[in-house]
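Please take a moment to look at the sequence and the model before reading on. The paragraphs below are meant to be read with both of them in view.

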Amino acid sequence: MKKILTLCVVALMAISTVSARSYKVALGLATGLEYGPTVKVNFTDHFTLMNDLTWKFVPNTVAGVNGQTFNFGYMGLIDNVNVAYQTKLASGRGLDLLFYGGGGMSIGYADLETAGGKFGVNALAGIEVTANVPIAFTFDFRPGYALLFANGGQIHALDWSLVLAVRYAF
């Protein structure tokens with residue numbers, strides 16, 4: 001019993017000393033216009049990599065085919081990889097507020113009239129809130145360009161997303 005109690009105390013001390021502020025890797029879930037698992041890896045204080053494998057919903061947006069423009073939306077399973085520069089904006093009351101900006105690419109499946117693929121590039125801008133707990137909250141905007149392949153043709157589209165992610169940092 002004494003060993004179990006000691007082990008519990010050591011585990012609680014280890015958990016309470018973990019802070020999202022100084023994390024290297026964080027795993028969690030993304031929500032918003034994308035739903036799915038997400039990972040963020042901080043290589044340095046300023047250089048980070050984010051990868052989301054999500055089911056994405058793009059509401060009606062502008063697209064073009066053969067010089068014609070039209071509005072349409074799509075859904076699909078998308079892998080989005082971004083690299084970003086991040087910097088601390090503010091600190092206080094046990095919270096840190098960071099800004100990050102960068103860009104990346106996405107590839108995946110787009111559910112159009114017939115099955116199709118998707119390739120895209122995007123910019124990234126967002127904020128992250130961390131505290132003295134191993135949880136990090138991020139909110140970002142990802143405007144970009146998508147090339148969708150369907151029914152033997154190509155569709156060029158404005159591709160954008162708003163993503164809220166909650167990650168456990170370790």
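What follows is a walk from the overall layout to a few pairs of strands, then to charged side chains and a patch on the surface.

The model is a predicted one, and its protein chain contains one helix and eight strands. If you read along the sequence, these elements follow the pattern α-β-β-β-β-β-β-β-β. Of the 170 residues in the protein chain, 36% are buried.

A good place to begin is strand β1, residues 25–32, which pairs in the antiparallel sense with strand β2, residues 34–42, over six bridges. These two strands form a hairpin with one residue between them, and within their pairing G28 stands opposite T38 in β2. Strand β1 also pairs in the antiparallel sense with strand β8, residues 153–169, over seven bridges, and here G32 stands opposite V163 in β8.

The charged side chains come next. Side chains of opposite charge can pair when their charged atoms come close. The count of salt bridges comes to eight, and one of them joins E34 to R142, with the closest N and O atoms 3.7 Å apart. Because E34 lies in strand β2 and R142 in strand β7, this pair ties together parts that are 108 residues apart in sequence. R142 also meets D52 in a salt bridge, at 2.6 Å from N to O; since D52 lies in strand β3 and R142 in strand β7, that pair ties together parts that are 90 residues apart in sequence. Are these partners buried or exposed? Both E34 and R142 are buried, and D52, at 1% relative accessibility, counts as buried because the cut-off for that word is under 20%.

A further salt bridge brings together the side chains of D159 and K118, at 2.8 Å from N to O. D159 lies in strand β8 and K118 in strand β6, so the pair ties together parts that are 41 residues apart in sequence. D159 counts as buried at 4% relative accessibility, and K118 counts as buried at 2%. The residues E34, D52, K56, K118, D140, R142 and D159 are linked in a network of salt bridges.

The surface also has a nonpolar patch, formed by Y35, L53, W55, F57, M75, L77 and Y109, with about 660 Å² of accessible area together. Strands β3 and β4 each supply at least two residues of this patch, and the largest share, three residues, comes from β3. W55 lies in strand β3 and, at 36% relative accessibility, counts as partly exposed.

Finally, aromatic rings appear in two further settings: the structure holds two aromatic pairs, and K40 lies over the face of Y100, at 5.1 Å from the ring centre.

Terms used
Residues are numbered from 1 along each chain as its sequence is written. This is a predicted model: local features need pLDDT of at least 70, side-chain atom pairs count only at pLDDT 80 or more; totals for chains, interfaces and linings use all residues. Side-chain values use heavy atoms; hydrogens and water are left out. Rings of Phe, Tyr and Trp (its six-membered ring) pair if their centres lie within 6.5 Å; planes under 30 degrees apart count as stacked, over 60 as edge-to-face and the rest as tilted. A charge sits over a ring if NZ of Lys or CZ of Arg is within 6 Å of the ring centre and within 35 degrees of the ring normal. Two strands pair if DSSP finds at least two bridges between them. Helices (H or I, at least four residues) and strands (E, at least two) are DSSP runs, numbered from the N terminus. Patches are made of residues with over 30% relative accessible area and no salt bridge: like charges are joined within 9 Å, nonpolar side chains (Val, Leu, Ile, Met, Phe, Trp, Tyr) within 5 Å. Accessible areas come from the Shrake-Rupley method with a 1.4 Å probe; for residues, only the protein chains shown count as cover. A salt bridge is a side-chain nitrogen of Lys or Arg within 4 Å of a carboxyl oxygen of Asp or Glu. Buried means under 20% relative accessible area, exposed over 50%, partly exposed in between (1.4 Å probe, protein chains only).
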